[in-house]
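Okay, thanks for squeezing me in, everyone. I'll put the thing up on the screen and then we'll walk through it together.

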Amino acid sequence: MPSSFSNLQLAEPLARAVAEMGYESMTPIQAQAIPVVLTGRDVMGAAQTGTGKTAAFALPLLQRLLKHENASTSPARHPVRALVLLPTRELADQVAQQVKLFAKNTNLRSAVVFGGIDMKPQTAELKRGVEVLVATPGRLLDHIEAKNAVLNQVEYVVLDEADRMLDIGFLPDLQRILSFLPKQRTTLLFSATFSPEIKRLANSYLNDPVTIEVARPNETASTVEQHFYSVPDDEKRHALKQIVRQRGLSQAFVFVNSKLGCARLARSLEREGLKTTALHGDKSQDERLKALAAFKAGEVDLLVATDVAARGLDIKDVPAVFNFDVPFNAEDYVHRIGRTGRAGASGLAVTFVTSNDNRLVGDIEKLLKRKLELEALEFDEDRPRGRINDGRRAWREAGELGDPRDVLETQRDRGPRRDQRPAPAPRDPFFDQPYQATNIDQAPTWEQATKPAAGRISANIKTKRKVAALFKAAG
Ligand code: AMP
């Protein structure tokens, strides 16, 4: 297995770009995946972000596109030949930036489309023609509907962070998008875990894939010092500040379970003088990218984030990760603390556990296959006691139930209780369909592919019309 990029015999423009980016030796996923993708085989890769998986699929994909490079500048001659799908805008942006860097010495064009921003500049770029398109599913469908994107010449499709795309509910969108692609193609699927759903997705859309697994998904890095502190809900904020101070932490990620909790915690930490930024789905695209850039530039100390907003963000060497809330899914615990202790560096992962979290902690224990020790946190003597907290304590001490408004807020913040959450959706019959490889000539034509027929696209138009009507009615 070659470990140096020079052993790969990459095309000169790609080799030069890799050298300019300072990459010397390949990461394990790169060493395993690149030679396979170069042969055109389908790949099912289990790799978490931070393992170098973007280069693992992008470099061999670009190398294969270069082999048949098209010199024409006509858009028709620059059809989309590689499509990379990702669950979030930040991830799409990050991957697109990396693809641009890898391809910068070539004539291959790339573009990224994601929601939350104006479609017009994206449309102009698509109309000029791009070979590599990086996209989030919803916005890509909008562009297909608007006849800006034609996918019937796609030779490579990458489903990156596939588990998260399913978690978010993108399966119908993925099915729709994949229906526009030629069946004769290379499909690469990357996922942090190989859950039964991911395996079914792979069975349906991958053709005899090579499975590559570089780190067992349920493993946490041994260099991460993990603590589980028993902390009452109303003491978590103080506990966070105390640990940041005692440990002299310069930066940390703070995970919360809800958008509302995220915004609220960031605001209150900011008020207390900590440079804090919130990263959640309700923020505009511009705000999210700015938040990320500020954290990367070291202008922000604490990035308070929800799982969806933070998944896969390319932030290395964060000294500490706090689970302000115990995650609802045990696997998210592994993803969250994977931000620290990377590449042999030591890291700190602190989880605040309240009396309501026993079951969730049990789930993490099952996943990690070990007992977790719950520690008591010694609070500073001089910790400030806010009016509300003191009030709450007084209620409790007086044997009262507590402020009903608190109960409401807490429940709204943390989402429905486990036993009150809706039952999982019934199994999707799509998963039972076998993968059918057909000839590229049988792929849908441009007209067929862009016809706004039944399904998601027409639903999309209907929803947009409804929303427009509502806005109009509201003046
Ligand atoms: P990824 O897992 O693709 O998001 O990559 C994580 C980070 O590692 C990115 O900042 C990459 O630029 C960097 N990276 C990827 N491969 C290598 C490599 N072989 N050597 C050094 N850095 C790398």
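Let's start at the ligand: which polar backbone atom is 3.1 Å from an oxygen atom of the ligand? That one belongs to Thr51. And before anyone asks, yes, this is a predicted model.

So, staying with the contacts for a moment. On the side-chain end of things, Tyr23 puts a polar atom 2.5 Å from a ligand oxygen. Then there's Ser25, where a polar backbone atom sits 2.9 Å from a nitrogen atom of the ligand. As for how covered the ligand is, on its own it has 490 Å² of accessible area, and the protein covers 82% of that.

Now the shell as a whole. How many residues surround the ligand? We get 14, and the closest are Tyr23, Gln30, Gly50, Gly52 and Thr54. If you sort that shell by character, you find nine polar residues, three charged and two nonpolar.

Okay, zooming out to the sheets. One of them is an open sheet of seven strands, paired in parallel, and the order reads 3-4-2-5-6-1-7. Its edges are strand 3, residues 110–113, and strand 7, residues 210–213, and each of those pairs on one side only. From one strand to the next, the twist averages 15 degrees.

Looking inside that sheet, strand 5 (156–159) and strand 6 (186–191) run parallel, with four bridges joining them. If you want a spot to click on, try Leu159, which stands opposite Leu189 in strand 6.

What packs on this sheet? Helix 2, residues 28–38, does, and it touches strand 1 (43–46), strand 6 and strand 7. Its direction makes about 165 degrees with that of strand 7. Helix 5, at 119–128, packs on the sheet as well, touching strand 3 and strand 4 (132–135), and the angle with strand 3 is about 150 degrees.

On to the other end of the chain numbering I wanted to show. Here there's an open sheet of seven strands with parallel pairing, ordered 10-11-9-12-13-8-14. Strand 10 (276–279) and strand 14 (374–376) are the edge strands, each pairing on one side only. The twist here averages 25 degrees from one strand to the next.

Within it, strand 12 (320–323) pairs with strand 13 (347–353) in the parallel sense, over four bridges. And which residue is the bridge partner of Val321 in strand 13? That's Ala349.

Last item: helix 10, residues 236–247. This helix lies across strand 8 (224–230), strand 9 (252–255), strand 11 (302–305), strand 12 and strand 13, and runs at about 160 degrees to strand 13.

That's my tour, happy to rotate things around if anyone wants another look.

How values were computed. Residues are numbered from 1 along each chain as its sequence is written. This is a predicted model: local features need pLDDT of at least 70, side-chain atom pairs count only at pLDDT 80 or more; totals for chains, interfaces and linings use all residues. Side-chain values use heavy atoms; hydrogens and water are left out. A residue is near a molecule or strand if one of its heavy atoms lies within 4 Å of it. A polar contact is a pair of N or O atoms within 3.5 Å; within protein, one must be able to donate a hydrogen and the other to accept it, and residues adjacent in sequence count only if both atoms are side-chain atoms. Accessible areas come from the Shrake-Rupley method with a 1.4 Å probe; for residues, only the protein chains shown count as cover. Ala, Val, Leu, Ile, Met, Phe, Trp, Tyr, Cys and Pro count as nonpolar, Asp, Glu, Lys and Arg as charged, and the others, Gly among them, as polar. Two strands pair if DSSP finds at least two bridges between them. Helices (H or I, at least four residues) and strands (E, at least two) are DSSP runs, numbered from the N terminus. Axes are lines fitted to C-alpha atoms, for helices over the stretch in contact, and angles run from 0 to 180 degrees between N-to-C directions. Contact means heavy atoms within 4.5 Å.
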